[in-house]
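Dear colleague,

I am passing on to you the structure we spoke of handing over, and I would be grateful if you could look through it alongside the notes below.

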Amino acid sequence: MATASAVERETLRALPSDASRQVQWGFADRYDLQLLVQSSRAVARGPVARLVAGGGRNSHEWTEAKAALLEAFDQAGITAVFMEPEEGGLFAGPKNFALALIAFELAWVDGGAATASLAGCLALAPIHERGTEEQKQHYMKLAAPTTPGEDRKPWRGAFCLTEPIPYVGVDTGMLNGKIRIVEWKTGEEPILQVEKRGRFITNIGFANFVTTAVDSDDERIKGSCMVILEEADPGIFDRGTPTRKMVHQLSSTGDPIFNLRVPASRIVGGYDVKDGVLIPRYSHSEVIEAVFRRTRVTVGVMTTAKLLSAVEPIIRYQRGRFRGADTATPGSVRYELGLQAREDALHRLVDLWATGEASASLGFAAARVFDELDPLEKEVEKLYAERGISGGKAKAKFLRGVADEAVTLMQLPRDDARRSTLLSDLRLRFVALDSLADVLCPAAKLWNTGWGAQMMREAVSLMGGYGITEDCPGFLGNKWMDAQLEATYEGPEAVQRRQLSVTMTNPVFLAQFREWIREMREVASEHPGTGACALATAMKLWLWTLDHLQHSKDADGGRLYQSARQGVTFPLADALCWLVAARCQIVDVLRLEKSGANDASLAEGLPGLVKFMTDLCNVQSARASGEVARICAELVFGYDRHPAWDEDGKRACWHEDELDALENLMPGINSYAIDVIAGDGSHPAKAGPCVNCAGASRFLSLHAKLDGCLTGSRLAKDRAADAVSKMMIPEALDYPA
Amino acid sequence: MSNGYHIVVCAGIVPDPLQTLEPVMSGSTPALKNEMLLPAVLDPWAAHALYEAANLAAHAEGSKVWLVSAAPKSKLQQVMMNVAQKAAFELVPIDAPANGFADAHSVAEILAQAIHSISGLDRSRLLLFGGWESASRGAGVTMQLIGEQLEITDQFQGVDRFTVLPDGSLEIHERIEGGRHLVSICSGPPTVLGWATGNLPEPRNNPQVGMANMRTIMPALQKTKSTSLTQNVRYLSVMPPRQQRQTRIVKDRSAEEIAAELLEWISQE
């Protein structure tokens, strides 16, 4: 028996506990969310895991076993989370963070189960966000899970936007779904004919109602809108054939066909009539923007869960890799450590874990921001109504009025008295937070899923051949494929990059970003091992690059930073995601360190946990900085034409005879000259004279500084790897696999 | 019984059974390595008692369930996030360093004191439930000792079934050797029942129940004060139960042959 008094150097001792995650991700004071985590986990690691282990993913059809999960979701309170207490929900107030936690727990085992649970919320979201009060009350009540003794089946919904190629998909504006008026008696409500073909529509196998996007096919209807269709409406409600997808098989997906007559009261958000024309209050794009900017965060968190869920099975596999072999006897390094005796196996696992942590921090930070934003948005909507402001342009103009003050607010020191005055302005608070949400949402969707999918491949590779079998513990092969879908649905990567390329240049956001640089330097000063200093330098480099690109032209005189130049804007958006994710990770670890000290259940292992998490921050910051440096360097220099050995090029070089003459005056100058043209006119064997970096000296100095900032990052990785090789893990996974 | 029962369930918390349990010496007493860091669950034996209590309360109008638990407060709070969703109860927490190595007499004493102090508890209707055994190093005597301290003489251990008869008396099935049960009739409360596994499945989580329970659980946890335990037991040595796994792949063998081999193997132990 060991002796506990022989305390080793503090390091990670066990996998992070629920209590530590609650502190780290900011819900230690929300027991309602903690209850929800436990109930979601019980469903995920119970019925969901059993269904996956039993081969439930091996069919495209919607089966009874899959349908049973919906009841499990209902009973666990998952379905009701989206609703308010009076509608059958669990708690009042914003639900973004709660939904993100549910998605995390379900996707820990299976992404399809998470999608199945959340697709119902997605169907209700247009009604919730933009529906009339009558629509909200009617459909929320129908969709609420039954209470004991209640004799009804809860309604399930589907959200139908995507259409068969070449229509709406990556471009939400290319609608083929049509709506027209077929009957409009004087003094009565118009009757509409809705035609829509959907593609890849989740929940369609069992949906009782569908919220769908359609465009006007009638001069008496203005623009597009979203309409609610019910399965009993007169006409065709054809669910179509199940999609033969290779991922998320626990969710129902199909290509439906609708041709239905519905009353105009089904238009989401209602309509007005002006000069005999029916004008929907919200266009389909206004509705889906309000919906997607929230639900995309939960999708990002689904891939996060995959990454973090891979850690335990990989450690177990690595440690047990050689057990059973004649040469691996108990007590030997091979037996005790297995593959973890190899540095590469540990380092790659550390990279995976660090990515998972950053991804979680980004996703949950985004969800928390939307929880903060929701009530502000409602207040601002009231302001619009009070002042008679309608239409996207008028609203934007109304908000632009405080943009300068919002920038000022960001720049003020924390103890400045003017802050409280500025913060008392609702409009200003909204503009500030909205600018952040506009970046965090696409960043979480893009980076968490896109880079997450790459890292899931790494996770699978760390399990060797086992990784691509159905027997792989933790279903890692499935998760790798599922991550690819998560990178695609609800707006593929290109859509997120496009959005970021606009929102990241918002002066309000950039003011906040500058504040983050200062914040990271402060953090670095007090917590030098976090990698915050390197991150701050990388942020500065990114900011310099953005500014440079916004004011520069390429070798042919074309503007660099412009909407159509996605070769410039998209990589810069990618670079920003790395920075934002790494910053969120550091902020979360600081919260863990500070608040965790007040939690008795964390006290014992907290120093070791914080140390390990700090090392992961350092690893991730270094990786993020490297990515940013690479991307920025390519963008800054990549659009200049490389000098050639032509007349212009040679003119910029030294000539051998010049140098010989100067050598007498300045001994040693020969050794400093890089490009020298020989007496016979020959030149060094390379593409051309080296680039004159005039104008980029600031960039080069920042780049060089950033290189130096990476000092110690590999030591952090070594420490993290060492901790991973020594920590305790459970004897077995807590779900069948 | 028209007024129902007052059911007090005594339940400790233990490390999740999937965790690696490695005894270490902490000063002069043993402990489990990193026990405070490992996820904990309600002791499974006591959990069965809780499910039976909730079921009984649901069928006997006017009944109420209390869950009395001695454990480190912060760990108990985490466990409650799951347990509170399974049944309606009022928590009586005792913030104490109770674990598998604590002195059963000391634990029984503080549990009995806590039960004594429950406001409105009617001893004439009291059913004291708990686990017959424990998933930690259970001494197997805690429930008996609590009953003695509360002067309850009708005690039953290894209970698998509990039925209220029409005349209000209680029929109790206690587990005995050979998979059989000893059936007793008890005139009524107060009674101590140390449960074996009972007959009920683990209830599904219901966050609505959890939210309702939490309204009293959180204030109770905040109010509870730290209590120390006296340790009159001296441990010379502790070790986890011996476990041996011998796997062979054998084909074409009949069920009888396999059963015979298993029997022979068990006989060697």
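What follows is a short account of three places in the chain.

Please keep in mind throughout that this is a predicted model.

The first place is A:Glu486, which sits in helix H14, a helix of chain A that covers residues 476–488. Its relative accessibility is 0%, and because buried means under 20% relative accessible area, A:Glu486 counts as buried. Once its neighbours within four places in sequence are set aside, A:Glu486 is in contact with A:Gly111, A:His248, A:Val299, A:Met302, A:Thr303, A:Lys306, A:Lys445 and A:Thr449.

The second place is A:Cys617, which belongs to helix H20 of chain A, running over residues 606–638. A:Cys617 is likewise buried, its relative accessible area being 0%. When residues up to four places away in sequence are not counted, A:Cys617 touches A:Thr530, A:Gln585, A:Ile586 and A:Val589. As for A:Asp588, which is 29 residues from A:Cys617 along the chain, the C-alpha atoms of the two are separated by 9.9 Å.

The third place is on the surface, where A:Glu656, A:Asp657, A:Glu658, A:Asp660 and A:Asp680 gather in a patch of negative charge. One of these residues, A:Asp680, is found in the loop of chain A that lies between strand E14 (676–677) and helix H24 (697–709). With a relative accessible area of 65%, A:Asp680 is exposed, whereas A:Glu486 is buried.

With kind regards

Conventions. Residues numbered from 1 in each chain as written. Chains lettered and ligands numbered in written order. Predicted model: local features only at pLDDT ≥ 70, side-chain atom pairs only at ≥ 80, totals over all residues. Heavy atoms only, no water. Helix = DSSP H or I, 4+ residues; strand = E, 2+ residues; numbered from the N terminus. Buried < 20%, exposed > 50% of the residue type's maximum accessible area, 1.4 Å probe, protein only. Contact = heavy atoms within 4.5 Å. Patch = residues over 30% accessible without salt bridge, like charges linked within 9 Å, V, L, I, M, F, W, Y side chains within 5 Å. Areas by Shrake-Rupley, 256 points an atom, 1.4 Å probe, with all protein chains shown as cover. Salt bridge = Lys/Arg side-chain N within 4 Å of Asp/Glu carboxyl O. Lys, Arg positive; Asp, Glu negative; His and termini not counted. Charge placed at Lys NZ, Arg CZ, Asp CG, Glu CD.
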